[in-house]
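Hi,

Here is the structure I promised to pass on to you. Have a look at it first, and then read my notes below.

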Amino acid sequence: MFNLILKDILIQKKTFLFGAVYIMIIILSFQQIGSPMVPASIIALTYVMTQYACAYDDKNKADMLLNSLPLGRDTVVAARYLSTFVFLAIAVVYYIVLAGIISVLRLPVRVYPVSFEDIAGCLFSSIVMTSIYFPVFFKVGYIKSRMVNFVLFYGLFFVGGMLVPELVKDKNSELAKWTTRLFSNQWDVHIIAGAFIITILFLSASYMLSLKFYRNREF
Amino acid sequence: MAPILEVKGLKKEFKGFALKNISFTLERGYIMGFIGPNGAGKSTTIKLIMNLLKRDGGEIKVFGLDNIKHEKEIKNRIGFVFDENYFYEELTVAEMKRVIAPLYKNWDDGAFNRYLKKFSLPPDKKIKELSKGMKMKFSLAVALSHNAELLIMDEPTSGLDPIIRSELLDILTSVIQDENKGVFFSTHITSDLDKIADYITFINDGRIIFSCPKDDIFEKYALVRGPKEILNTSIRQYFVGIKENRFGFEGLVKDKHQLNKMFKDGIVIDKPSLDDIMLYFTRRVQNV
Amino acid sequence: MLGNIILTKLFLVYILYINTNMLIYRSDRPGMNIVISNSSQEPIYEQIARQIKNMIMRGELREGDMLPSIRSLAKELQISVITTKRAYQELENDGYIVTVQGKGSFVAAQNKELLREMRLKIVEEKLAEAVDAAKTIELTLEEMQEMLRILYEEV
């Protein structure tokens with residue numbers, strides 16, 4: 001299984017090279033927007049890497065190879081989900097390193113540190129993103145899934161990147177007030193816990209669905 | 001011991017094409033050639049064996065085990081070489097190996113490196129930079145480096161020059177020196193099989209036309225050429241197919257021993273090639 | 001005149017010498033040769049069986065000699081294993097070889113009388129040839145016998 005994740009990394013050496021560039025671009029374009037640049041850049045890079053891995057496998061007809069090897073289809077699905085988290089971790093590291101370099105060199109670019117809420121937000125949106133995307137991908141393959149892709153990217157990129165941290169940090173916003181009303185008498189921790197459980201359920205449902213689709217796929 | 005590959009009553013339906021009741025058996029220690037024209041169902045059959053496609057009916061047993069129930073165990077013991085290279089083009093030979101090797105229980109790194117040397121495959125070369133022949137050799141190196149008992153090959157030599165084809169045949173005969181192994185080799189380049197195959201299974205239009213020892217084929221069938229006057233209704237039924245030209249006819253006879261009783265002079269009897277046999281069975285140019 | 005006779009004697013000696021050599025297998029002769037034709041009407045397994053039979057009859061293969069395994073023979077000749085198996089089967093059925101499971105195939109103890117008869121026939125044929133050749137230069141029986149005696153004692 002881990003070789004598959006390794007494979008996902010090895011095939012995109014170029015993306016890794018450009019990872020820094022992607023993050024730079026987002027940092028620069030979010031200069032006015034501020035702290036959302038953190039989750040935005042992390043999610044963007046995670047998204048790019050995941051998409052590239054899926055596209056590449058599809059282009060290479062890797063399914064033929066993977067399913068001829070002594071590899072269960074379940075493992076293939078699991079590896080893909082796991083890869084996303086690995087990519088997420090890598091994206092976080094990238095951001096930290098880049099932000100670090102910028103601060104150390106005292107470049108005239110504003111960067112924000114990564115906070116726990118940021119990571120939680122990224123995790124949340126990544127999970128939502130993959131939970132929606134992967135079952136489609138496993139059912140119809142990369143090319144047909146691109147439409148869903150499009151919607152997801154623009155939808156969740158902004159929603160996840162901006163909304164959740166806002167939700168947790170700024171309690172004065174409308175949405176925050178609304179959610180606090182929902183969970184009246186609940187604390188942040190409980191909101192997070194609630195969201196956590198929901199996302200886990202969501203993820204599991206997605207995983208089950210992906211398994212079902214992929215198991216029945218024909219090549 | 002159970003046959004190394006056993007297919008019984010295999011069925012698969014597509015829009016516009018169907019595999020109907022495919023059955024054949026391969027015992028250990030032999031090479032079976034799987035021949036048929038393009039679109040006959042060769043790749044479909046192989047994909048069904050590898051469970052890349054789901055069968056609609058019938059049975060497939062590899063090493064005596066059902067190919068779906070024991071899928072992973074079976075694939076551990078199968079070496080496969082497909083016509084298209086499905087390995088990751090961006091990875092180098094060494095990286096590809098690094099991804100694949102741990103998946104096999106009996107991976108033999110020493111053997112793999114020996115094959116790399118034998119085939120002159122540089123480990124740090126990207127797979128996309130390899131020529132078609134080298135890609136096939138890479139597939140072969142992987143297939144032969146985990147102590148596989150059954151080699152399944154789907155048109156491994158299409159597009160390759162006769163020299164590489166002959167190298168491949170050499171390797172296959174070496175593999176079969178071990179009488180526990182088996183080779184299942186689909187191709188439409190039948191000249192490769194004329195020599196080394198032990199059994200031939202011929203598929204056409206989704207049906208098995210015959211599956212028998214190669215020698216039996218040449219003992220039964222004969223290519224007959226002669227003057228058109230000889231052909232009458234009763235004579236024609238001895239033929240699988242007849243080609244008539246301005247100066248005579250050529251035909252494939254089902255049982256050449258019956259021939260000797262009928263004809264006396266004026267005809268020429270030749271040993272047919274597998275190509276001839278395939279041609280006559282698929283064209284069926286016959287007025288019966 | 002004398003020179004002629006000596007020359008023809010030498011010539012005849014030469015022919016007989018070569019022919020008798022063919023009856024005797026030199027054990028230092030390397031390997032056995034099997035040559036098959038793909039385009040012959042004779043099935044390949046028969047060609048192989050026939051050639052091995054001949055080698056046994058001619059003494060090139062002796063009792064106890066090990067034959068190549070059916071698989072290595074198939075590989076070398078680039079033919080099917082079933083073909084070589086069948087050839088060996090036939091040889092075994094006819095009593096020329098014996099196959100021991102796990103060990104290999106060996107030339108069987110030949111029916112000595114049969115072999116002897118076959119070789120007798122070959123000697124007869126060769127002598128007939130020599131007689132024909134002798135008669136063309138009007139060699140007498142006594143001269144021939146003298147030659148034979150010399151050769152016999154030499155070899």
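Find B:Met32 in strand S3 of chain B and look across to strand S8: the bridge partner there is B:Phe184. Keep in mind while you look around that this is a predicted model.

That pair is part of a longer run of contacts between the strands. S3(B) and S8(B), which covers residues 182-187, are joined by five bridges and run parallel. S3(B) also has a link to S9(B): four bridges, again parallel. In that pairing, B:Ile35 stands opposite B:Phe202.

So is S3(B) buried or exposed? The strand spans residues 31-35, and five of its five residues are buried. Try looking at which way they point. B:Ile31, B:Gly33 and B:Ile35 go one way, B:Met32 and B:Phe34 go the other, and both sets are buried. You'll meet this pattern again, because side chains in a regular strand alternate between the two faces of the sheet.

Now zoom out to the whole chain. Chain B has eleven helices and 14 strands, and its C-alpha atoms fill a box of roughly 65 × 40 × 35 Å along the principal axes. Out of 288 residues, 42% count as buried. If you take the contacts in chain B with a separation of 6 or more, 71% of them are between residues 24 or more positions apart.

Chain B is also split into two domains: domain 1 runs over 5-212 and domain 2 over 221-283. Their centres, taken over C-alpha atoms, are 35 Å apart. How many residues are in contact between them? Ten from domain 1 touch six from domain 2. On the domain 1 side, helix H7 (191-196) and strand S9 (199-204) each supply at least two of those residues. That side is made up of six nonpolar residues, three polar ones and one charged one.

Last stop: the place where chain C meets chain B. This contact takes 13 residues from chain C and 15 from chain B. On the chain C side, helix H3 (70-77) and helix H4 (81-93) are the elements that give two or more residues. H3(C) has the largest share, with four. By type, the chain C side divides into six nonpolar, five polar and two charged residues.

Have fun clicking around, and send me any questions.

Cheers

Conventions
Residues are numbered from 1 along each chain as its sequence is written. Chains are lettered from A and ligands numbered from 1 in the order in which they are written. This is a predicted model: local features need pLDDT of at least 70, side-chain atom pairs count only at pLDDT 80 or more; totals for chains, interfaces and linings use all residues. Domain bounds come from an automatic or database domain assignment. Two residues are in contact if their C-beta atoms, placed from the backbone, lie within 7 Å. Ala, Val, Leu, Ile, Met, Phe, Trp, Tyr, Cys and Pro count as nonpolar, Asp, Glu, Lys and Arg as charged, and the others, Gly among them, as polar. A residue is buried if 20 or more other C-beta atoms lie within 10 Å of its own, exposed if 12 or fewer, and partly exposed in between; C-beta atoms are placed from the backbone. Two strands pair if DSSP finds at least two bridges between them.
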